Amino acid sequence: MNNSQNPELGSEGAADQVLARFASARLWAAHRAPYLASAVFALTPVVLAPLVDERTGGLVPDPEFRAFPVDTRWHVHLETGTALTTPVPEIGWWLLHHIGHLVRAHAARSPVRAETTVSAAAGAPGDTEARRWNQAADAEINDDLAAEGLPGPDGVISPAVLGLPPHLTAEEYLSRLDVLAEAVGRGGHELAESVDCGSAADGVRRDQELPESGGGPTELERELLERSLAVGIQDRVAARSEVPLGWRRWAEARLQPAVNWRARLAALIRRGHGLTSGRVDFSHRRPSRRAGSCPDIALPAMVQPVPAAVVVIDTSGSVSSVRLRRLLSEVTAILHGVGGTGRRLRVLCCDLTAHPVQEVTRAEDVVLLGGGGTDMRAGIAEATALRPRPDLVIVLTDGQTPWPVRRLAVPLLVCLIGEDGSAPEWAHTVRIPEEEP
Ligand SMILES: [Zn+2]
């Protein structure tokens, strides 16, 4: 049977061929950049309906989909005609390129408004900003690929092609591209061939993309995948394997929250007080001395309120008491740094219910009571009902607990131990590693 007379059968056979090429390209990519292999295998192929030449009935490449665009849910869009005419290593190069967009969070960093119409066609109205951001993000990725000996297909953008320094961020390239475009673009020239990398690059949904419910890794799966990529890259660096500079920096930054949790915790505790009654405010409680010569006017006096945090400890048994004790010592040390040592600290242990409040000056004097189920809501309710009223509630937990639905009247700081639990969106959260070297 002649395929051209039966386009449906023809495209079915073509789809299988496209998927086979994708599988080969994936292997190529994983082999060329082993530190990105797990991400390459997390991509899901989506074969787009082919463009058929009306005269010959044959499949033709659609230039709009040259870059095999990727969405934010890790789907790679394979335009049939393009995939069948592009060499496997080139498809593989695009896969590595798109991993760059995905894990470097270009969609989340994108300045492009969500309602923008995006198209690869140069000169399309309304999307100069989108194309410029796509190019800036591409420049951030492509010098790492070039450093790996993978310069990419003809016409793709790179810092070298633009005459710009390597190893900058997309945001830094964006401002330089604007300047370049201003200088070069007066005659209407484009800086480089325009490619559309999809919503993974700019966060703007495309028509061909599957709906939100269309599968792909979940938020948590992506988080875990990125962490394991970053750890793998750092292991390679430690073993003196070559990893391009941009990827090394990415891995460092990706893992930094875990490394820097102490600094973040201290900053949040200080800010927690500062945002509420910790700041110096004016009150009319005592007359100001300056008013002495002018008795008719009562000037406000400066009052420095005492910060009053209450610590709620999850003693349900899922967190090791050694970990809790060490964390409690750290929190106490920070609080003493803010309010002065010797100040009494109120601590509540909580499992399914809140245990009696303990007032201590040293973390080691706290008696850890509990061991039943977990409901931090009980401890939080007890803490906020205490008198004098706290201006900050700090919860030490693994997050395997129900949380209050509504924002509290006082700031809530959650020290979230380990990777599995969660805290309410409205709370301040610091992730704390379960174990430390
Ligand atoms: Zn791109």
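An open sheet of six strands, with mixed pairing, follows the order 9-8-7-10-11-12 in this predicted model. Strands (E, at least two residues) and helices (H or I, at least four residues) are DSSP runs numbered from the N terminus, and two strands pair if DSSP finds at least two bridges between them. Strand 9 (358–360) and strand 12 (428–432) each have a single partner strand, so one side of each lacks a neighbour in the sheet. From one strand to the next, the twist averages 25°.

Strand 8 (residues 345–350) and strand 9 run antiparallel and are joined by three bridges; Val-347 is opposite Gln-358 of strand 9. Elsewhere, strand 1 (residues 44–48) and strand 4 run parallel through five bridges, with Pro-45 opposite Val-76.

Two helices are set against strands of the sheet. Contact means heavy atoms within 4.5 Å. Axes are lines fitted to C-alpha atoms, for helices over the stretch in contact, and angles between N-to-C directions run from 0 to 180 degrees.

| Helix | Strands | Angle |
|---|---|---|
| Helix 13 (residues 321–339) | 7, 8, 10, 11 and 12 | about 170° to strand 7 |
| Helix 14 (residues 376–384) | 7, 8, 10 and 11 | about 155° with strand 8 |

In strand 4 (residues 75–79), five of five residues are buried, that is, under 20% relative accessible area with a 1.4 Å probe, protein chains only. His-75, His-77 and Glu-79 point one way, and Val-76 and Leu-78 the other way. In a regular strand, side chains alternate between the two faces of the sheet.

Residues are numbered from 1 along each chain as its sequence is written. Local features need pLDDT of at least 70, side-chain atom pairs count only at pLDDT 80 or more, totals for chains, interfaces and linings use all residues, and side-chain values use heavy atoms, leaving out hydrogens and water.

Notes: Buried means under 20% relative accessible area, exposed over 50%, partly exposed in between (1.4 Å probe, protein chains only).
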